[in-house]
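User: Please go through this model with me. I would like the reasoning behind each description.

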There are 4 protein chains.
Amino acid sequence: MKKIRVGVAGYGVIGQRLADGVKCQKDMELVGVADVAPTLAVQALFEKGMPYDLYLAADFKKDEFIARGIPVSGTLEDLVKKCDVILDSTPGGVGLKNKEIYQKYGVKAIFQGGEKNEIADVFFHGYANYEKGLGADFLKLTSCNTTGLIRAVDCLDREFGIDRVAITIIRRVADPGDYHRGLTNALQIDKAPSHQALDLMTIMPHIEATGILVHTPVTHGHIITVVATGKKKITKEQALSAFSKHPRIRMVKISDGFLGNASLFRYARDLGNPRGDMYEIAIWEDSVVETGDSIMFAINIPQEAVVIPETMDGIRAVMQTEKTSKEATDKTNGYLNIPSWKK
Amino acid sequence: MKKIRVGVAGYGVIGQRLADGVKCQKDMELVGVADVAPTLAVQALFEKGMPYDLYLAADFKKDEFIARGIPVSGTLEDLVKKCDVILDSTPGGVGLKNKEIYQKYGVKAIFQGGEKNEIADVFFHGYANYEKGLGADFLKLTSCNTTGLIRAVDCLDREFGIDRVAITIIRRVADPGDYHRGLTNALQIDKAPSHQALDLMTIMPHIEATGILVHTPVTHGHIITVVATGKKKITKEQALSAFSKHPRIRMVKISDGFLGNASLFRYARDLGNPRGDMYEIAIWEDSVVETGDSIMFAINIPQEAVVIPETMDGIRAVMQTEKTSKEATDKTNGYLNIPSWKK
Amino acid sequence: MKKIRVGVAGYGVIGQRLADGVKCQKDMELVGVADVAPTLAVQALFEKGMPYDLYLAADFKKDEFIARGIPVSGTLEDLVKKCDVILDSTPGGVGLKNKEIYQKYGVKAIFQGGEKNEIADVFFHGYANYEKGLGADFLKLTSCNTTGLIRAVDCLDREFGIDRVAITIIRRVADPGDYHRGLTNALQIDKAPSHQALDLMTIMPHIEATGILVHTPVTHGHIITVVATGKKKITKEQALSAFSKHPRIRMVKISDGFLGNASLFRYARDLGNPRGDMYEIAIWEDSVVETGDSIMFAINIPQEAVVIPETMDGIRAVMQTEKTSKEATDKTNGYLNIPSWKK
Amino acid sequence: MKKIRVGVAGYGVIGQRLADGVKCQKDMELVGVADVAPTLAVQALFEKGMPYDLYLAADFKKDEFIARGIPVSGTLEDLVKKCDVILDSTPGGVGLKNKEIYQKYGVKAIFQGGEKNEIADVFFHGYANYEKGLGADFLKLTSCNTTGLIRAVDCLDREFGIDRVAITIIRRVADPGDYHRGLTNALQIDKAPSHQALDLMTIMPHIEATGILVHTPVTHGHIITVVATGKKKITKEQALSAFSKHPRIRMVKISDGFLGNASLFRYARDLGNPRGDMYEIAIWEDSVVETGDSIMFAINIPQEAVVIPETMDGIRAVMQTEKTSKEATDKTNGYLNIPSWKK
């Protein structure tokens with residue numbers, strides 16, 4: 001069977017992980033990655049011996065690559081021509097310009113959460129609306145927080161029916177290695193409702209969602225608390241049982257030593273996961289409590305890697321190699337070797 | 001009229017502010033403060049010229065005071081004998097030992113949130129259950145988070161009737177100047193439900209409360225999000241109107257520049273408030289959103305000073321100088337010159 | 001005697017403190033302050049009842065002031081006309097434009113460290129080169145780190161003669177209340193030599209200085225380590241003795257509880273200093289060590305307030321009311337009530 | 001040739017990395033690791049399928065292992081009996097008790113920096129005093145900061161002769177995943193001279209060293225500035241040339257994007273290094289400056305992994321398989337695949 005040919009535009013925090021994720025999919029071929037400058041990510045690629053071919057998104061910095069001896073395989077346009085699908089993880093706004101190239105060559109593309117919804121035909125989540133993405137030309141993935149949040153809400157919704165969610169997002173403010181957007185000794189609040197609540201409603205229009213987002217000065221994982229109101233009362237046991245069966249949810253306990261977001265990062269490093277990444281969201285068993293007819297719980301979102309599986313699902317949707325969310329997510333989970341999937 | 005004679009045991013973060021708070025009450029007299037060692041707080045008292053008399057809670061460090069030339073007016077027992085009420089803000093557990101001294105001399109005492117509830121006859125909040133404290137010998141104040149939370153919930157409860165609250169506490173992990181209990185680049189989660197939710201139910205037993213607490217590495221103010229479910233639907237406008245009238249709630253806007261907890265601390269410093277303290281909780285107007293029949297909003301809790309007004313109310317309750325919450329809190333607010341009170 | 005009429009342009013972190021500092025000088029009159037928008041600082045000024053007259057640096061936001069009921073006394077130009085000296089603490093670059101107004105009306109001005117050196121006739125420090133500022137039209141103050149560093153180096157230089165300093169600046173990355181320039185879980189290094197070392201050499205050209213600056217995610221006070229090489233060996237005792245006599249240096253001990261920069265901020269708050277500010281740099285006695293012929297020690301720089309005294313000195317220099325550094329700094333220290341000065 | 005049989009006691013941050021490091025040495029065999037409780041590190045080992053045998057250092061928690069289904073291969077004593085050398089990375093103080101077991105079975109041991117010097121015959125560094133460790137029964141490794149610092153100082157000392165160093169240690173306060181020893185918005189200073197300076201003098205007694213240590217609230221890498229005074233003047237070019245040739249020093253540039261300690265951690269993750277670890281210290285080219293006869297520069301110490309190579313060297317020393325530092329460190333570097341070694 002012919003493999004799906006995939007390219008990655010934008011080799012940053014997300015782009016690197018998308019490239020690695022595609023490499024794991026036995027039914028896909030990573031054609032190459034593109035970036036604009038010899039960033040640290042590109043320097044690391046070079047030091048590793050160029051496991052991926054590198055294309056140049058913009059010509060003007062070519063000299064910098066040459067000066068460092070970094071081989072360049074062509075332009076972004078060259079890359080696009082060789083691909084069936086481009087994963088566009090360039091900084092917000094750049095994707096819109098790149099889209100013209102994708103359209104020119106009739107190549108499909110999947111954009112990340114930083115772009116505006118208008119860029120794509122479908123705003124996509126691998127579990128919650130897979131079928132909408134079938135055969136589409138342009139998808140936009142939900143952002144990291146929304147991706148993880150929807151996994152948990154969709155999980156409850158399938159089993160019990162959810163009417164309403166009120167979320168509090170305790171947002172990590174920067175990725176490890178960021179220097180340009182930190183916060184020092186301050187919690188910063190956004191105007192409510194948070195865009196994640198609005199995004200959830202776009203994907204799952206039958207649910208009423210609202211929420212408040214607070215930025216916090218940490219780098220390893222957002223924590224979201226969710227108050228979810230079901231069509232009928234959901235008990236703690238029911239919620240735990242549903243969550244436990246979800247392949248992309250890892251149940252953890254404070255009493256086991258998972259004291260917070262930093263434990264999950266450390267654990268992923270100790271597991272030997274590349275970059276210390278984790279694809280699963282975590283839900284703390286000890287956080288689940290009932291309140292009236294609602295259920296409340298806390299999720300950990302590993303912001304650097306959480307969108308990778310749903311993006312792989314997206315490739316399957318636009319290429320129509322799998323017709324249902326179940327088939328697509330099973331395949332993605334298997335190739336990504338998500339541990340809970342093996343259970 | 002004879003002034004209420006008040007002493008403060010434990011001259012730390014809270015004790016210093018209690019002493020300053022009593023100084024502002026024209027119907028009270030600050031007899032003195034007691035501590036065990038020449039801490040920085042005591043050194044500052046000394047550098048200021050000893051505006052308060054200092055008593056020694058334990059004898060064994062007397063030499064250290066003498067060596068520094070800090071005058072000591074006697075023992076804790078000497079202080080107790082001269083007082084009608086002791087405000088005990090010693091570290092958790094010490095209050096229980098001190099209680100024996102208070103009982104020996106028939107002196108009333110008000111303990112802070114660090115002590116166990118059993119230490120006191122009444123677990124007290126100046127607005128929510130003032131009447132229960134009338135004439136009691138021993139009160140225990142709610143902790144900083146619970147004190148501020150109850151202000152907001154009681155405010156809505158009086159006006160609309162509240163059935164249920166689900167809270168997310170984004171807790172500052174240390175006070176400015178703490179070195180022994182910080183957190184670095186980590187969010188830490190506590191087993192749910194949080195004690196603040198349980199405490200709220202103790203004070204307001206007609207409300208069902210639950211919640212999740214997450215520790216964050218900042219020092220200036222907790223942020224709590226509240227999902228409050230009324231007996232009937234509460235609109236955003238109704239909630240804003242109720243909050244705006246509360247003397248110990250300050251309404252703020254992100255669009256005015258109140259971007260987070262650090263803005264409130266900076267603003268209080270710029271107001272010229274002693275120590276940059278603020279007695280009011282703040283609620284962000286831009287955070288208030290409706291969700292089904294519930295209302296959701298975010299509160300800022302200035303952890304160092306928020307309990308001072310309710311403690312002053314407590315003195316009035318145990319001494320029965322004011323018979324109602326309205327009379328007591330009005331008097332406290334006036335003497336503390338709480339700005340919103342003047343409106 | 002006629003008082004020196006002083007205005008402040010830019011009512012931010014430094015501007016507010018300059019205004020307060022001028023208010024303390026019995027030989028000066030604060031004519032007013034100017035700013036461009038109803039910032040939190042201006043809102044606090046309004047809530048305090050407008051102790052200072054407010055002028056509008058730019059007309060375009062006047063409506064915002066009117067909408068809030070904040071009285072405006074005129075334009076920056078109106079303010080300038082009424083003053084002998086303007087303290088310009090506007091953001092970097094703005095001072096250069098304002099200078100045209102100052103020149104137009106023949107009014108002297110003192111710029112803060114954010115401006116380029118070229119803006120002024122003299123790059124100024126109240127102790128190290130006071131005489132150079134006598135009668136000048138335009139001074140530029142050293143930045144907070146350089147101001148504090150020079151106090152300590154000048155102190156040793158006067159007594160022992162200093163040939164060389166190598167400094168390590170552990171820089172706090174943001175002021176309390178900043179949200180736009182934090183750093184999260186990262187130390188960031190600048191290209192060496194640091195500008196503070198170069199600035200020191202501009203003010204004290206007989207000393208060879210170099211240094212490395214590392215940004216750290218904290219808000220309360222830079223810490224600088226200094227390796228100072230004297231013309232002859234300086235012993236620990238000699239250094240301690242010299243530092244102890246300096247009015248703007250506060251000697252502190254770890255063993256007293258001054259564990260770091262946060263202790264000094266907390267102590268200043270507990271002293272009741274407005275905004276928790278401290279004018280003195282602190283030097284830890286326990287940090288002073290000898291190395292070969294050099295002496296090494298650590299300084300704490302309270303970044304928000306440290307330049308206020310030297311700016312007051314600058315006013316005296318340009319107005320020539322005091323002819324020597326000794327007379328000027330004594331007067332400033334006295335009016336600012338710097339505690340160590342009273343010793 | 002018979003492989004050296006190595007066991008690891010204490011499977012924490014360092015212990016895990018020692019085990020991984022031994023696994024890389026083709027002339028060594030990892031017999032197993034021992035710990036006292038099913039920590040997250042042990043849970044990760046189990047989730048990975050037990051690549052190492054696990055022994056139980058203390059019996060009392062055996063039930064907890066059984067309950068989780070984690071296989072236990074015996075007691076610490078069982079492990080010791082099978083080994084030639086034990087790497088003891090238990091918490092400070094535990095090593096002293098364990099030493100009795102090692103002595104009982106005549107097994108050599110290498111302790112980490114947390115133990116007191118008295119525990120070992122030799123205080124050891126693979127480059128600076130390898131020969132002292134030859135055939136010893138008990139070594140103690142220098143701590144992470146001292147290990148990295150000595151690499152750089154020894155490098156200069158061999159080439160130019162060093163008389164004196166004055167260091168400023170900007171210490172990360174916690175490891176990623178620590179919750180018990182953080183610091184929030186505070187720099188904390190230790191009494192000078194720092195123990196690292198004293199330790200350097202123990203290993204390199206011909207050098208006079210002193211220094212100041214400041215704790216900072218970050219988790220990824222200490223930064224040390226060094227003022228090193230040579231027997232004769234060392235130029236910037238000379239220093240850069242010497243550093244560049246050292247296998248365990250990685251030269252980096254701010255202008256390449258290595259803005260601070262977090263860049264190095266991110267880069268190591270992007271390289272695909274297990275756990276995002278780096279064995280090399282980094283020195284910023286842009287930090288190197290001359291001052292008089294001295295040279296000043298800044299080092300990054302990756303605290304979790306830096307001691308692994310020198311510990312491998314230590315095994316070679318006590319087993320006398322390599323007679324010189326050159327032979328031992330070359331072998332270690334090769335097996336650890338340290339990139340700069342390949343140059």
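The exchange below takes the fold of one chain, then its contacts and symmetry.

User: What is the basis of the model, and how many helices and strands does chain A have?

Analyst: The model is predicted. In chain A there are 12 helices and 15 strands.

User: What makes chain A as compact as a globular protein of that length?

Analyst: The globule rule gives 20 Å for 343 residues, and the radius of gyration of chain A is 20 Å, close to that value, so chain A is as compact as a globular protein of that length. The C-alpha trace spans about 65 × 45 × 40 Å along its principal axes.

User: What share of chain A is called buried?

Analyst: A residue counts as buried if 20 or more other C-beta atoms lie within 10 Å of its own. Buried residues make up 60% of the 343 in chain A.

User: How do you know which residues of chain A touch chain B?

Analyst: The test is whether C-beta atoms lie within 7 Å. By that test, 39 residues of chain A are in contact with 39 residues of chain B. On the chain A side, β10(A) gives the largest share, 5 residues. By class, that side has 20 nonpolar, 15 polar and 4 charged residues.

User: Why is the relation between chain C and chain A called a two-fold axis?

Analyst: A turn of 180 degrees and a shift of 0.0 Å along the axis lay chain C on chain A with an RMSD of 0.0 Å. That is therefore the relation of a two-fold axis. In chain C, the C-alpha nearest the axis belongs to C:Gly182, 2.3 Å from it. The same surface serves both copies, as 100% of the contact residues of chain C recur in chain A.

Definitions and conventions
Residues are numbered from 1 along each chain as its sequence is written. Chains are lettered from A and ligands numbered from 1 in the order in which they are written. This is a predicted model: local features need pLDDT of at least 70, side-chain atom pairs count only at pLDDT 80 or more; totals for chains, interfaces and linings use all residues. Two residues are in contact if their C-beta atoms, placed from the backbone, lie within 7 Å. Helices (H or I, at least four residues) and strands (E, at least two) are DSSP runs, numbered from the N terminus. Ala, Val, Leu, Ile, Met, Phe, Trp, Tyr, Cys and Pro count as nonpolar, Asp, Glu, Lys and Arg as charged, and the others, Gly among them, as polar. The radius of gyration is taken over C-alpha atoms; the globule rule is 2.2 Å times the number of residues to the power 0.38. A residue is buried if 20 or more other C-beta atoms lie within 10 Å of its own, exposed if 12 or fewer, and partly exposed in between; C-beta atoms are placed from the backbone. Copies are superposed by least squares on the C-alpha atoms of residues with pLDDT of at least 70 in both.
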